[in-house]
Amino acid sequence: MQPETLKKYQTRARNFYRDHCNGSATDSAQICAAMVVLAPQYVSSSFRVLKNALVADQLARGNPFAAEAIRSVTNPVTAPGSTIPRKPRPRRVRSVSKQDVALLVRHLSDSGCSDEWAAVMLAYVTGARPCEMRSIEVEGNLVTIRGGKKSRKLKRGADRVLLIENRKALKAVTLAAERLRHTARSDTAIRDALRKACRQLWPRRAVQLTLKSLRHQLGANLKASSDSPRHLAYIMGHQSTESIDVYGDRRKGEGRKLYVAPANDADVERVRVSTRDARYGRSHDPVAVDFVGGVSDTTPLGRFIRRWERERGS
């Protein structure tokens, strides 16, 4: 488990003990009982994250028996035969138009939100997760991204080396990575500021786009490209082709450009191939993929670079 992930888990666990266990982190029976009572208030994925956080925290405290007791708790909402109504998943934006990206980049630039601006560019071009952005390294036209969701048995999360031959896309990634590498602000602060900026830009929208929305859009673009599932999973930082099913709708990626590809010597064969057929299918025309062409100043990349150079006085 990554140190940053453990830190977030421990914070979540402490808040749970404080709010629901009278601050006690040692009574596993009380913790398990609170989990069962509160289960209907969580969507299934959130309950799973909570359980993982509590288990990780107990192991870090040196309480393996408490951790095992918590791990054995079954979500009463999803248990077989359960009649408890499930909490609906919150609505999320899973596709982002080129126009919205361009408007957002301009708004963030005009508002002086340079960190948010950089994060949007990295998510837009590379699909990097927020927890991966600060460690991005650029050498020549190769971009190395350290996987941020690695599990102990390496069944989830993966490092990848991506090739970017488009000159302006590469420059945008280089500038954005440099900006986030040196910022003192947290990922949470950047996400909160981005959410606020989106509400200012689109006040009538009930659901706003996030950095993950841009990652979903890259997934849609990749699915529309008719590239191999292994290449798609590698670019997204997955260990298995099965994981890419949840990212993007290929219909939303048709006609969109791609700026990244696996490096020529990338070991894409290490990606596990799912035995299930991909849900998004492959019977469609491939989208035009641009790796070498120019980028107009009216595109999100063009605006990003032009405004960034103006800010830096270059």
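**Figure 1. The whole protein, buried and exposed parts.** A residue counts as buried when its relative accessible area is under 20%. Keep that cut-off in mind as you look at this predicted model: of the protein's 314 residues, 46% count as buried. The fold is built with 11 helices and four strands. The accessible surface adds up to about 16500 Å², and carbon and sulfur atoms own 49% of that. What share of the contacts with a separation of 6 or more comes from residues 24 or more positions apart? That would be 72%.

**Figure 2. A patch of positive charge on the surface.** Zoom in on the surface and you'll find Arg48, Arg89, Arg92, Arg94 and Lys212 gathered in a positively charged patch. Let's pick out one member, Arg92, which sits in the loop between α4 (64–71) and α5 (98–110). Is Arg92 buried or exposed? Arg92 has a relative accessible area of 53%, and exposed means over 50%, so Arg92 makes it into the exposed class.

**Figure 3. Helix α10 and its neighbours.** Now for a helix with buried residues: α10 covers residues 229–236, and Leu232, Ala233, Tyr234, Ile235 and Met236 are buried there. What do the buried residues of α10 pack against? Their partners are two helices, α6 (114–126) and α9 (211–224), plus the strands β3 (160–163) and β4 (261–262).

**Figure 4. Just past the end of α10.** Follow the chain out of α10 and you come to Gly237. Here, Gly237 takes a positive phi of about 80°. Just before that glycine, Met236 is one of the buried residues of α10.

Methods. Residues numbered from 1 in each chain as written. Predicted model: local features only at pLDDT ≥ 70, side-chain atom pairs only at ≥ 80, totals over all residues. Heavy atoms only, no water. Patch = residues over 30% accessible without salt bridge, like charges linked within 9 Å, V, L, I, M, F, W, Y side chains within 5 Å. Areas by Shrake-Rupley, 256 points an atom, 1.4 Å probe, with all protein chains shown as cover. Salt bridge = Lys/Arg side-chain N within 4 Å of Asp/Glu carboxyl O. Lys, Arg positive; Asp, Glu negative; His and termini not counted. Charge placed at Lys NZ, Arg CZ, Asp CG, Glu CD. Buried < 20%, exposed > 50% of the residue type's maximum accessible area, 1.4 Å probe, protein only. Contact = heavy atoms within 4.5 Å.
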